[in-house]
Amino acid sequence: MRWPFLLLSLLVANTSWAQAGEPAPEKQPPGAAAPSAGDAPLAPADRPAPGTPGVPAAVSATPPAPPAEPSWPAHGIPWVGTWDIVATGGLAAAAVTVEFVIPSPTVPKWTAQNGFDTGIRDALRLGTDSGRATAGTMSDVLVYLLMAAPFLNATLVAGIEHERWDVAWRLMVLDAETILLATTIPLSLQKATARERPYVQECGNPSPPSQCSSGGKYTSFPSGHTTAAFAAVALECFHHGYLDTSHTGWGGAVCPVTIVAALGTGILRIAADRHWATDILVGGAIGGLVGYAVPALHLLGAEKKTGPVVLPTISPSTVGLTLAGRF
């Protein structure tokens, strides 16, 4: 009897040790169903994501990064090289030659009129000599302001505001090249076509207009004022539309404002009886084309240009010129 009793004692002790090593089952609340043996615990991927209804969103320890400041200029900078400076000097010499050396025509080559020109003249021409003189003066003021605007923009925005005098220098060379080209073209066409100005028709009256005593009676086509005005407008729209990173405030209004000023210049030239309507339309087309084409051509392949260029150097301790490029 001792062997069966000993075996039974060992069996009871082994069962007690096995039960002592197992974790106690979790107590279920009253009425809750006990989990079945086949149910598995939720994996992390099966748990509901933060932000879903009923689940609080996770709090990020890293604050959101502040928005980056926009860079200036917004796009590439037009390349201006030494040859552009040479071309600007050549255009200045050509404009002076055409204006002061080549004489104005004394006999008209183009006196024919059309219903469009005469109709616009009758509608816009001012009736008094003093009124026409005032309109002519106002057109002079407008065109000079428009021609100065791109240079002021390059100095104030690129140079002073953004402290990029290298960009300001390039823009000013580009502006001078464009304005001089838009001046030389109409001066040359005026002396080549020799179109009679509108007021000449009144010079035979007993009380002729005051313009009859001035020169340039046969230099009507195209309007030089309008050509220069629309070239300046194209430059301004390029400056603020292509280079600026934001188009708010004056940066967003400068292009339409200068367009209105250029249109006003053309209307005033007709009101002053200095040009026909077709002179204004052709001059505006030439000016807009030149003002757009010159910056656009300088942008083509600007990143491939490596020739030397003379740039101004302006700092608190230095003012001078720098020859830059790859040699």
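Which hand does the disulfide of Cys203 and Cys212 have, left or right? In this predicted model, the torsion about the S-S bond of that pair is about -95°, so the disulfide is left-handed. The sulfur atoms of Cys203 and Cys212 lie 1.9 Å apart. The two partners fall into separate burial classes: Cys203 has a relative accessible area of 24% and is partly exposed, whereas Cys212, with 13%, is buried. The value for Cys212 falls under the 20% limit that marks a buried residue, and that is why Cys212 is classed as buried at 13%.

The count of disulfides comes to two. The other link joins Cys237 to Cys255, again with sulfur atoms 1.9 Å apart. Here the torsion about the S-S bond is 90°, and the link is right-handed. Cys237 sits in helix α6, which covers residues 224-243, and Cys255 sits in helix α7, residues 250-271, so this disulfide ties together parts that are 18 residues apart in sequence. Cys255 has a relative accessibility of 22% and counts as partly exposed. When the bonded cysteines are counted along the chain, the disulfides follow the pattern 1-2, 3-4.

Attention now turns to the charged side chains. The model holds eight salt bridges. One of them pairs Glu202 with Arg121, at 3.2 Å from N to O. Glu202 belongs to the loop between α5 (165-193) and α6, while Arg121 belongs to helix α3 (residues 115-124), so the contact ties together parts that are 81 residues apart in sequence. Arg121 itself is buried, with a relative accessible area of 10%. Arg121 also meets the side chain of Asp273 in a salt bridge, at 2.7 Å from N to O. That pair links distant parts of the chain, since Arg121 is in helix α3 and Asp273 is in the loop between α7 and α8 (277-299), 152 residues apart. Asp273 has a relative accessibility of 0% and counts as buried.

These contacts belong to a wider arrangement. Arg121, Arg125, Glu202 and Asp273 are linked in a network of salt bridges. Within this network, Arg121 contacts Glu202 and Asp273. Another of the salt bridges in the model joins Arg164 and Asp166, with 3.1 Å between N and O. Arg164 is partly exposed at 26% relative accessibility, and Asp166 is likewise partly exposed, with a relative accessible area of 26%.

What is the angle between the ring planes of Trp110 and Phe221? The count of aromatic pairs comes to one, and in this pair the ring centres of Trp110 and Phe221 are 5.1 Å apart with the planes at 55°, so the pair is tilted. The two rings come from distant parts of the chain: Trp110 is in the loop between α2 (82-101) and α3, and Phe221 is in the loop between α5 and α6, 111 residues apart. Trp110 is partly exposed, with a relative accessible area of 30%, whereas Phe221, at 14% relative accessibility, counts as buried. Trp110 has a charged neighbour as well, for Arg195 lies over the face of its ring, at 4.1 Å from the ring centre. Trp110 thus takes part both in the tilted pair with Phe221 and in a contact with Arg195.

The last feature is the internal space. How many cavities of 30 Å³ or more does a search of the whole structure find? The search finds one, and the volume of the largest cavity is about 50 Å³. Its lining is made up of Trp72, Asn153, Ala154, Val157, Ala158, Leu171, His239, His240, Leu243 and Asp244. The elements that give two or more residues to this lining are α4 (129-161) and α6. Helix α4 provides the largest share of the lining, four residues. Helix α6 thus appears in two settings, as an element that gives two or more residues to the cavity lining and as the helix that holds Cys237 of the right-handed disulfide.

Methods:
Residues are numbered from 1 along each chain as its sequence is written. This is a predicted model: local features need pLDDT of at least 70, side-chain atom pairs count only at pLDDT 80 or more; totals for chains, interfaces and linings use all residues. Side-chain values use heavy atoms; hydrogens and water are left out. A disulfide is a pair of cysteine sulfur atoms within 2.5 Å. Buried means under 20% relative accessible area, exposed over 50%, partly exposed in between (1.4 Å probe, protein chains only). A salt bridge is a side-chain nitrogen of Lys or Arg within 4 Å of a carboxyl oxygen of Asp or Glu. Rings of Phe, Tyr and Trp (its six-membered ring) pair if their centres lie within 6.5 Å; planes under 30 degrees apart count as stacked, over 60 as edge-to-face and the rest as tilted. A charge sits over a ring if NZ of Lys or CZ of Arg is within 6 Å of the ring centre and within 35 degrees of the ring normal. On a 1 Å grid over the protein atoms alone, a cavity is a set of points where a 1.4 Å probe fits but cannot get out, and a pocket is an open set with protein on both sides within 12 Å along at least five of seven lines; lining residues have an atom within 4 Å of a point. Grid points are joined across faces, edges and corners, and a volume is the space filled by probe spheres set on the points.
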